[in-house]
Amino acid sequence: MKWRFSALGPLFLALCVFALPLHAQTSDTTTPVIHPRYDITQEMTFTGTVSSVVKASARETKNESGSHVIVQTTSGKVEADLGKYAMRGEGALTVTPGQVIQLTGVMKTVRGQQVLITRLVQANGKVFKVRNEHGFTYHPAARKNQTKSETKGGQL
């Protein structure tokens, strides 16, 4: 008789949990979900001359990890964050000091300093995609697949 009551205890507990009212989430939210670091509606485009290139940040520097370029524009110097993978792997971006490039991205304050979170870089006659529209960096493997589809005549 005892075994029947010990088996009914967990069953009774499970029924109590399922008997609780469940509330569905309403779909009255119409604002799109935006990555907190990148808002495509606030994008800016800068054209200037590269004054320095940092391929990987040292621990002593204030920069976040990843590649950075300092570009001299007509409005002053702009530090551009290119992410971890822009200058790595096959088909990586190559820029040198003195080269004229065009950067598209969103200005953000990182550790008290204005930094351009770069999405697109136009250099050497090509447009290089650093991040997607949500601000997430492209991995070298994804970049390799993008270049193959562009050389075959476009996208499907």
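Trainee: Before we start, what does "buried" mean here?
Mentor: A residue is buried when its relative accessible area is under 20%, exposed when that value is over 50%, and partly exposed in between. Keep in mind that this is a predicted model.

Trainee: Okay, how much of the protein is buried?
Mentor: Buried residues account for 28% of the 156 residues. The accessible surface adds up to about 11,100 Å², and carbon and sulfur atoms hold 58% of that.

Trainee: Which helices and strands do we have, and in what order?
Mentor: There are two helices and six strands. Starting at the N terminus, the order is α-β-β-β-β-β-β-α.

Trainee: How many salt bridges are there?
Mentor: Searching the whole structure turns up two. One pairs Arg 119 with Glu 43, with 2.4 Å between the closest N and O atoms. Arg 119 sits in strand E5 and Glu 43 in the loop between helix H1 and strand E1, so this pair ties together parts that are 76 residues apart in sequence.

Trainee: Are those two buried or exposed?
Mentor: Arg 119 has 12% relative accessibility, so that arginine counts as buried. Glu 43 comes out at 24%, which makes that residue partly exposed.

Trainee: And what's the other salt bridge?
Mentor: That one joins the side chains of Arg 131 and Asp 81, at 3.6 Å from N to O. Arg 131 is in the loop between strand E6 and helix H2, while Asp 81 is in strand E3, so the pair links parts that are 50 residues apart in sequence.

Trainee: Buried or exposed, for Arg 131 and Asp 81?
Mentor: Arg 131 is buried, with a relative accessible area of 5%. Asp 81 is buried too, at 4% relative accessibility.

Trainee: New topic. What's in the largest nonpolar core?
Mentor: It has 18 residues. Those with the most contacts inside it are Val 69, Leu 82, Leu 93, Val 95, Ile 101, Leu 103 and Val 121. Strands E1, E2, E3, E4 and E5 each supply at least two residues of this core.

Trainee: Is there a second core, and if so, which residues does it include?
Mentor: A separate core of five residues includes Tyr 38, Val 106, Val 110 and Ile 117.

Trainee: Back to Val 69. Where is that residue?
Mentor: Val 69 is in strand E2, residues 67–73. Its relative accessible area is 1%, so Val 69 is buried.

Trainee: What does Val 69 touch?
Mentor: Leaving out residues up to four places away in sequence, Val 69 touches a list including Ser 52, Val 78, Leu 82, Met 87, Val 95 and Ile 101. Take Leu 82 as an example: Val 69 and Leu 82 are 13 residues apart in sequence, and their C-alpha atoms are 7.6 Å apart in space.

Trainee: And which residues does Leu 103 contact?
Mentor: Not counting neighbours within four places in sequence, its contacts include Met 44, Phe 46, Val 71, Ala 80, Leu 116 and Val 121.

Trainee: How many contacts in the protein join residues far along the sequence?
Mentor: Among contacts between residues at least 6 apart in sequence, 51% join residues at least 24 apart.

Trainee: Last thing, the backbone. Which residues other than glycine have a positive phi?
Mentor: Arg 111 is one of them, with phi near 55°. Arg 111 lies in the loop between E4 and E5, and at 60% relative accessibility that residue counts as exposed. Asn 124 also has a positive phi, about 55°, although it is not a glycine. Asn 124 is in the loop between E5 and E6.

Methods. Residues numbered from 1 in each chain as written. Predicted model: local features only at pLDDT ≥ 70, side-chain atom pairs only at ≥ 80, totals over all residues. Heavy atoms only, no water. Helix = DSSP H or I, 4+ residues; strand = E, 2+ residues; numbered from the N terminus. Buried < 20%, exposed > 50% of the residue type's maximum accessible area, 1.4 Å probe, protein only. Contact = heavy atoms within 4.5 Å. Areas by Shrake-Rupley, 256 points an atom, 1.4 Å probe, with all protein chains shown as cover. Salt bridge = Lys/Arg side-chain N within 4 Å of Asp/Glu carboxyl O. Core = buried A, V, L, I, M, F, W, Y, C linked by side-chain atoms within 4.5 Å.
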